[in-house]
Amino acid sequence: MQENRELALVRLPSQVEGVELSVSAIHRTGKAAPIVFLHGFGSTKEDYADIVRHEALAAYPFLAYDAPGCGETHCADLSAISIPFLLKTARRVIEHFKLDRFHLVGHSMGGLTALMFAHQYPQHVLSFVNIEGNIAPEDCFLSRQIVQFPEQNVERFFADFIDRTWHMPAYASALYASNLHHKVRAAAVPGIFRSMVDLSDTGKLMQTFIGLRCPKMFMYGEQNATLSYLGLLRANGVRLAEIPACGHFPMYSNPIAMWTQIADFLAGV
């Protein structure tokens with residue numbers, strides 16, 4: 001374990017569905033209710049390391065880790081990875097750190113995983129910040145490419161996906177795309193994307209999200225203010241947080257606004 005006075009970096013051996021994992025995580029201890037962060041596809045736990053730089057969140061312990069197939073986490077069978085697999089991984093990691101009641105923050109793929117967790121284990125979730133996590137079919141603008149651009153060779157699909165993403169006319173697209181080869185194993189992509197599309201199309205995610213009894217905030221970038229369901233969320237008591245000068249990635253395009261919104265939301269829970 002490597003540690004400094006602000007956060008600790010640990011490696012956690014684990015097993016999910018018979019698959020050996022070595023999970024890389026960062027965390028900080030403390031006495032307040034902790035925050036658990038789940039990163040999106042193509043991102044890592046370091047998306048949330050800057051929590052230690054924000055005084056408004058200084059009282060909160062936190063946990064963030066690299067999902068299987070991503071970052072520094074090792075997964076012995078990349079073909080096994082899906083959203084249900086990531087859900088079980090989240091459960092194992094949270095149990096390891098003995099977290100009972102916590103705030104949950106998830107972005108994109110991590111937002112979908114967090115939604116499934118909050119639905120299945122509501123007794124553990126104090127609040128949920130959903131940062132453009134999938135709750136409707138229209139949210140699959142990245143993952144649906146597994147259907148739109150069929151390709152048997154996973155390396156070729158991933159290379160083409162990166163190229164398409166690099167050229168998207170959205171904030172941080174090129175920055176995000178340039179890191180994908182370093183942050184994601186190509187063999188993990190098909191299982192993740194197919195399960196995201198399937199759940200978004202058939203999983204009644206909107207009903208699940210609205211039905212959660214904990215306080216909820218949905219965060220989205222200014223470029224995505226045309227999402228068709230924002231009015232529905234507002235009408236059902238979900239707090240909305242629009243991040244200026246931002247697309248799908250507030251942690252890259254406007255992190256100050258992201259952290260400010262999270263801190264303000266948690267202060268009111």
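Me: What makes two rings an aromatic pair in this predicted model, and how many such pairs are there?
Reply: Rings of Phe, Tyr and Trp pair if their centres lie within 6.5 Å, and a search of the whole predicted structure finds 17 aromatic pairs.

Me: Why is the pair of Phe102 and Phe117 called tilted?
Reply: The planes of Phe102 and Phe117 stand at 50 degrees, with 5.8 Å from centre to centre; stacked needs planes under 30 degrees apart and edge-to-face over 60, so the pair falls into the remaining class, tilted. Because Phe102 lies in strand β7 and Phe117 in helix α2, the pair ties together parts that are 15 residues apart in sequence.

Me: How do you know that Phe102 and Phe117 are buried?
Reply: Buried means under 20% relative accessible area; Phe102 has 0% and Phe117 has 1%, so both count as buried.

Me: What makes the pair of Phe157 and Phe161 stacked?
Reply: Their ring centres are 6.2 Å apart and their planes meet at 25 degrees, which is under the limit of 30 degrees, so this pair is stacked. Phe157 and Phe161 are four residues apart in helix α4, about one helical turn, and they belong to one aromatic cluster with Phe41, Phe158 and Phe193.

Me: Why does Asn134, in the loop between β8 and α3, count as buried?
Reply: The relative accessibility of Asn134 is 2%, which is under 20%, so Asn134 counts as buried.

Me: What makes the approach of Asn134 to Ser200 a polar contact?
Reply: The side chains of Asn134 and Ser200 make this contact at 3.0 Å, which is within the 3.5 Å allowed for a pair of N or O atoms.

Key: Residues numbered from 1 in each chain as written. Predicted model: local features only at pLDDT ≥ 70, side-chain atom pairs only at ≥ 80, totals over all residues. Heavy atoms only, no water. Buried < 20%, exposed > 50% of the residue type's maximum accessible area, 1.4 Å probe, protein only. Polar contact = N/O pair within 3.5 Å; in protein donor to acceptor, adjacent residues only side chain to side chain. Phe/Tyr/Trp six-rings, centres within 6.5 Å; stacked < 30°, edge-to-face > 60°. Helix = DSSP H or I, 4+ residues; strand = E, 2+ residues; numbered from the N terminus.
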